[in-house]
Every structure is written in structure tokens, then in C-alpha cells.
Amino acid sequence: MDEFTPTVGVSSTRPADMPEDHSALPVWNAENWFYEDWPVGQRIRSLRRTIGESDSHLFNTLVVDIHPYVQDQMFAEREGIFGRRLVAGAFVFSAGLGLVATNCVNAFSYGYDKLRFIKPVFIGDTIYTIRTNMEKTPRYKDLGLIRASYQVLKNEGELVLYCEHLQTVKYKNPADFAGKTEK
């Protein structure tokens, strides 16, 4: 067994299809938090990420976004209302949420509400994200619903995107929620 203890609330999986001494190691970024482990009001902040030309172009190529505001430098400079190319909002959303994403094996995305693109993001801007756990509701027999807000900010704290993420998360002790669920 490894001499290091995993972070509180984090545990490794123990796959049987690898050497025992490897499966006993804590898995990086593979949390096993349960519904009970997500405190309402908890806020976390991501590291920052500068969005480069290649990031923007690769995303646009992958999703076939050829809008002139994100792909045509001449249009953006001469006719666009911002005077330069934008980073696609879908990329800001994906990258911003990815900055605070975990690989929690007990949580499943249920959807997003209130997605708003508040200000433009340009190539060369640096973004970071603040996640706030807003509320928890027992929902299903084995899963509760968690609502968290995501604020994606650029440069020195300018809000560019807001949304609320709904996740279903497994209960550690489903019996504790018997008779309290909506469905």
C-alpha cells in the first residue's frame, strides 16, 4: 500500500485487471464523492488558462464553426463590431467548465440551466472559473440532484459566462433518503 493518504473525500478505484501494487495506488483526479460529500455553499476556483489561436482554431474545426466572427480575421477587423475575432462561446463554455471538472465516478451530468454568454472572449484572453454548490435535493431512489453555478471570468475578473449545472450524484447511504425523494 502507498504511504501517502489520498485527499479527504477522494479514494482510488481498485481494478482487478492490473497488478495489485498498481491498483492500490490512489488514482489522480478520480474522485468518489457521494451526494453527502458535496457541501452547499462550497466554492472552488480553477487554475487559469490562456486561450490561444490554435485552441480556438482546433475547436472551430472540430465543430465546423465557420462563422466569420470566429474564423475570418479580415471580416472581424473590418466589419465586425468588436474589431477582432472572437473565441466561440461553445468553446468558452467547454473550456470554462472543464477547468473545474472532476472525474467523480458517482456524479452524472443532468443538464445545464441559465447559460448566458455575458461578454466576448478574444484570442489571448485568460479565463478561470468559480464553481459554487448552490443546493441539493433528494431526487431518485439512489441519486440526489445537485445544482452548482459556474462563473467563467476573463483576465482580471471580468464575468464572461454564467450557467448552472445539474448533476445527479449517488447516495453513500440510500436508506437515509427513503421517503424523501421526489421520484
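**Entry 1. Aromatic pairs**

I began with Tyr 69, which is buried at a relative accessible area of 17%. The model I am reading is a predicted one. Tyr 69 belongs to helix α3 (residues 68–71). Its ring and that of Phe 82 have centres 6.2 Å apart and planes at 70°, so I noted the pair as edge-to-face. Phe 82 lies in the loop between α4 (73–78) and α5 (89–98), so this pair ties together parts that are 13 residues apart in sequence. I then looked up the exposure of Phe 82 and recorded it as partly exposed, at 35% relative accessibility.

I next asked which residues the ring pairs link into a cluster with Tyr 69. They are Phe 75, Phe 82 and Phe 122. On Phe 122 I also found a charge: the charged end of Arg 84 sits over this ring, 3.8 Å from its centre.

For the structure as a whole I recorded nine aromatic pairs. One of them joins Tyr 35 and Tyr 171, edge-to-face, at 5.2 Å centre to centre with 85° between the planes. Tyr 35 is in the loop between α1 (20–23) and β1 (43–45), and Tyr 171 is in the segment after β6 (158–170), so the contact ties together parts that are 136 residues apart in sequence. I checked the exposure of each partner: Tyr 35 is buried at 4% relative accessible area, and Tyr 171 is buried at 3%. The ring of Tyr 35 also has the charged end of Lys 136 over it, 4.7 Å from the ring centre.

**Entry 2. Salt bridges**

How many salt bridges does the structure hold? I recorded nine, and I followed three of them in detail.

Glu 158 forms a salt bridge with Lys 119, with the closest N and O atoms 3.3 Å apart. Glu 158 lies in strand β6 and Lys 119 in the loop between β3 and β4 (126–138), so the pair ties together parts that are 39 residues apart in sequence. I noted both ends as partly exposed: Glu 158 has 33% relative accessibility, and Lys 119 has 41%.

Asp 125 and Lys 154 meet through their side chains in a salt bridge, 3.3 Å from N to O. This pair links distant parts of the chain, 29 residues apart, with Asp 125 in the loop between β3 and β4 and Lys 154 in strand β5 (residues 143–154). Are its two ends buried or exposed? I found Asp 125 buried at 7% relative accessibility and Lys 154 buried at 6%.

Arg 147 and Glu 164 form a salt bridge at 2.8 Å, N to O. Arg 147 is in strand β5 and Glu 164 is in strand β6, 17 residues apart. I recorded both residues as buried. Salt bridges with shared partners join these two residues with Asp 113, Lys 114 and Glu 135 in one network.

**Entry 3. Cysteines**

I looked for disulfides and found zero. Why is Cys 104 not bonded to Cys 163? The sulfur of Cys 104 is 18 Å from that of Cys 163, the closest cysteine sulfur, which is too far for a bond; the cut-off is 2.5 Å. Cys 163 is likewise in no disulfide. I noted Cys 104 as buried at 8% relative accessible area, and Cys 163 as buried at 0% relative accessibility.

**Entry 4. Surface patch**

I looked up the nonpolar surface and noted a patch of about 310 Å², made by Leu 58, Leu 62 and Val 63. Leu 62 is in helix α2 (residues 53–63). I recorded Leu 62 as exposed, at 64% relative accessibility.

**Entry 5. Two loop positions**

I turned to Ser 46, in the loop between β1 and β2 (49–50). Ser 46 is buried, at 4% relative accessibility. I read 9.1 Å between the C-alpha atoms of Ser 46 and Ala 101, which are 55 residues apart along the chain.

Where does Thr 102 lie? I placed Thr 102 in the loop between α5 and β3 (107–117). Thr 102 is partly exposed, at 30% relative accessibility. Its C-alpha atom is separated by 20 Å from that of Ala 24, 78 residues apart along the chain.

Notes:
Residues numbered from 1 in each chain as written. Predicted model: local features only at pLDDT ≥ 70, side-chain atom pairs only at ≥ 80, totals over all residues. Heavy atoms only, no water. Buried < 20%, exposed > 50% of the residue type's maximum accessible area, 1.4 Å probe, protein only. Patch = residues over 30% accessible without salt bridge, like charges linked within 9 Å, V, L, I, M, F, W, Y side chains within 5 Å. Areas by Shrake-Rupley, 256 points an atom, 1.4 Å probe, with all protein chains shown as cover. Salt bridge = Lys/Arg side-chain N within 4 Å of Asp/Glu carboxyl O. Helix = DSSP H or I, 4+ residues; strand = E, 2+ residues; numbered from the N terminus. Phe/Tyr/Trp six-rings, centres within 6.5 Å; stacked < 30°, edge-to-face > 60°. Lys NZ or Arg CZ within 6 Å of the ring centre and 35° of its normal.
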